[in-house]
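Biologist: Before we turn to the overall fold, I should like a close look at a single part of this chain. Please choose one position, describe its setting, and then relate it to the surrounding architecture.

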Amino acid sequence: MLKKLTLFAAIFYAIALATASLMTLKNLPEVKLSFADKIFHFLAYSLFTILWYFAFSMSLKFEKRKAILTAAVFAILFGIVLEVLQGTITTSRAFDVYDAFANSMGAIVASFIIWLKHELSVKKN
């Protein structure tokens, strides 16, 4: 059950993230925090990477290191594609290289944390 749920959660999150990235956002509260948008991108793609890591490792039975690498590469490419689509198919959104960088950094940091967790975990007998 949990194995199917991880894949479903990753796909649902990817669709929700793509939808939110490509739709016109109106009447959102303004956050008075410098770089709030970049922090959101970082956190959104960190979560994206973690969800896809679990989907790849649990549902699709990838070996742990392959699951980490695949999730990171998928998240980075997904973020870049969405940024390009924002600049080409929407009229209310624009391509932002700094958003793509924040997306990529979120994926890389999440992957590093997952890798550290596996490398530093105590082995069970």
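**Asp99 and its setting**

Modeller: Asp99 is a residue of helix α4, which covers residues 97–120. The model is a predicted one, and the values that follow are computed from it. With a relative accessibility of 7%, Asp99 falls under the 20% cut-off, and it is therefore classed as buried. Leaving aside residues up to four places away in sequence, Asp99 is in contact with Asp37, Lys38, His41 and Glu83. Of these partners, Asp37, Lys38 and His41 belong to α2, given that this helix spans 36–59. Glu83 belongs to α3, which spans 64–89.

The residue just before it in the sequence offers a contrast. Tyr98 is also placed in helix α4, yet its relative accessible area is 59%; this value is over 50%, so Tyr98 counts as exposed. Tyr98 is one of the members of a nonpolar surface patch, together with Ile80, Val84, Phe95 and Val97. The accessible area of these residues together is about 490 Å². Two elements, α3 and α4, each give two or more residues to this nonpolar patch. Helix α3 thus appears in both settings, because Glu83, a contact of buried Asp99, lies within 64–89.

A further position to consider lies in a loop. Leu25 is located between α1 (2–22) and α2 (36–59). Its relative accessibility is 41%, and Leu25 is for that reason classed as partly exposed. Again setting aside residues up to four places away in sequence, Leu25 touches Ala20 and Arg93. The C-alpha atom of Leu25 is 8.3 Å from that of Ser92, although 67 residues separate the two along the chain.

These positions can now be placed in the chain as a whole. Its secondary structure consists of four helices and zero strands, and the order from the N terminus on is α-α-α-α. Among contacts with a separation of 6 or more, 76% join residues 24 or more positions apart. The pair Asp99 and Asp37 is one contact in the model. Of the 125 residues in the chain, 32% are buried, and Asp99, at 7% relative accessibility, is one such residue. The chain exposes about 8,500 Å², of which carbon and sulfur atoms supply 74%.

In brief, Asp99 is a buried residue of helix α4 with contacts to Asp37, Lys38, His41 and Glu83, whereas Tyr98 is exposed and belongs to the nonpolar patch.

Conventions
Residues are numbered from 1 along each chain as its sequence is written. This is a predicted model: local features need pLDDT of at least 70, side-chain atom pairs count only at pLDDT 80 or more; totals for chains, interfaces and linings use all residues. Side-chain values use heavy atoms; hydrogens and water are left out. Buried means under 20% relative accessible area, exposed over 50%, partly exposed in between (1.4 Å probe, protein chains only). Contact means heavy atoms within 4.5 Å. Accessible areas come from the Shrake-Rupley method with a 1.4 Å probe; for residues, only the protein chains shown count as cover. Patches are made of residues with over 30% relative accessible area and no salt bridge: like charges are joined within 9 Å, nonpolar side chains (Val, Leu, Ile, Met, Phe, Trp, Tyr) within 5 Å. A salt bridge is a side-chain nitrogen of Lys or Arg within 4 Å of a carboxyl oxygen of Asp or Glu.
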